[in-house]
Amino acid sequence: MSSATTGVDEARKALGKRLRGLRVAAVLSGKELAESLSWAGSKISKIENGHQNPSDSDILAWTQATGAEHEAASLLAALHNLEQQHAEWQRVLKAGLKTHQLTLSQLDERTKLYRGFENTVIPGLAQTSEYARARFAQVVMVHKVPNDIDEAVKVRMRRQEMLYRPDKRFHFVIAEAALRYRLVSPDVMIGQLDRLMAMTSMRNVKLGVIGFGTKYVTDPRHGFWIYDDHLVQVEVYSAEINLRQPQEIELYANIFEHHASVASYGAEARSIIGRVVRELADETEEDLGT
């Protein structure tokens with residue numbers, strides 16, 4: 001099981017256990033409770049075993065049916081905390097990409113130290129507008145959310161202004177694979193890599209690249225971001241995972257240091273990036289010549 005989802009799964013199971021306790025205290029079988037609520041019997045089992053999140057109305061109906069209305073507020077608070085931990089993209093992006101970028105801007109304002117590891121994509125704060133536009137287009141395609149790409153790109157570009165603020169520090173570590181994956185056209189990627197070249201010399205930014213020939217201390221399982229010492233964010237296909245438990249943050253901080261310790265910086269990082277740029281440029285020239 002991924003370390004990013006362990007805490008979320010535990011929270012979902014804990015909520016299910018509390019709801020099961022109310023049912024048992026009311027001397028109701030799962031079948032009896034389901035019939036009283038006109039639910040499918042499997043829904044009770046899924047919720048109690050942490051396989052399905054209940055909705056607000058589910059919790060209100062459950063507590064009423066078990067005579068435990070006094071528990072409703074506490075259970076709703078636990079559910080909402082779980083939803084913050086496991087923020088499904090369909091829910092997060094239903095108001096559009098721009099709204100989510102504005103929410104991240106609020107987090108930006110509070111954060112002083114950013115640490116981010118990416119093994120498949122270029123970090124959002126380092127993206128060119130063209131690369132960001134292509135990535136947002138892929139999100140719209142996959143999740144069928146409102147297409148406000150132009151507005152989302154503008155907000156992401158404004159967010160990048162904080163890279164020049166003296167009160168903030170940024171440490172990015174990128175696997176070489178992220179420089180090579182064909183997620184955008186070659187010309188867009190060349191522009192993106194030129195941007196990374198420039199960032200290796202920025203005052204507030206520390207940019208490391210882990211080349212293919214490097215021996216890792218631990219596996220590069222997935223990308224993640226650490227905001228100061230209070231939040232870790234992990235993006236998976238279905239959701240944004242927000243981890244706030246001290247032990248989880250400490251774990252990710254240690255993993256980040258492992259990755260950072262083997263990354264190349266400065267001239268060595270530029271050498272890796274430059275090699276990829278030359279290969280892309282040669283490939284583009286060959287395509288033009290055919």
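# Reasoning about salt bridges, burial and the sheet

Author: In this predicted model, a network of salt bridges links Glu109, Lys112, Arg165 and Asp167.

Reader: What makes the contact of aspartate 167 and lysine 112 a salt bridge?

Author: The side chains of aspartate 167 and lysine 112 come to 3.1 Å, N to O, and the cut-off for a lysine nitrogen and an aspartate carboxyl oxygen is within 4 Å, so the pair qualifies as a salt bridge. Aspartate 167 sits in the loop between helix 9 (149–159) and strand 3, and lysine 112 in the loop between helix 7 and strand 2, so that the pair links distant parts of the chain, 55 residues apart.

Reader: Why is lysine 112 called partly exposed?

Author: Buried means under 20% relative accessible area and exposed means over 50%; because lysine 112 has 40% relative accessibility, it falls in between and counts as partly exposed. Aspartate 167, with a relative accessible area of 34%, is partly exposed by the same reasoning.

Reader: How do you know that arginine 182 is exposed, and what is its salt-bridge partner glutamate 283 called?

Author: Arginine 182 has a relative accessible area of 53%, which is over 50%, and therefore it is exposed. Glutamate 283, at 25% relative accessibility, is neither under 20% nor over 50%, so it counts as partly exposed.

Reader: Why is histidine 259 called buried?

Author: Its relative accessible area is 1%, and because this is under 20%, histidine 259 is buried. Histidine 259 lies in helix 12 (residues 246–262), and among the residues it touches, not counting those up to four places away in sequence, are Phe117, Val173 and Ile210. Helix 12 itself lies across strand 2, strand 3, strand 4, strand 5, strand 6 and strand 7, and runs at about 115° to strand 5.

Reader: What makes strand 1 and strand 4 the edges of the sheet?

Author: The open sheet has 7 strands in the order 1-7-6-5-2-3-4, with mixed pairing. Strand 1 (86–88) and strand 4 (205–210) each have a single partner strand, so one side of each is left without a neighbour in the sheet, and they stand at its edges.

Reader: How do you know that strand 2 and strand 3 pair?

Author: Two strands pair if at least two bridges are found between them, and strand 2 (residues 113–118) and strand 3 (residues 169–175) share 6 bridges in the parallel sense, so the requirement is met. One of the bridge partnerships joins arginine 115 to histidine 171 in strand 3.

Methods. Residues numbered from 1 in each chain as written. Predicted model: local features only at pLDDT ≥ 70, side-chain atom pairs only at ≥ 80, totals over all residues. Heavy atoms only, no water. Helix = DSSP H or I, 4+ residues; strand = E, 2+ residues; numbered from the N terminus. Buried < 20%, exposed > 50% of the residue type's maximum accessible area, 1.4 Å probe, protein only. Contact = heavy atoms within 4.5 Å. Axes fitted to C-alpha atoms, helices over the stretch in contact; angles between N-to-C directions.
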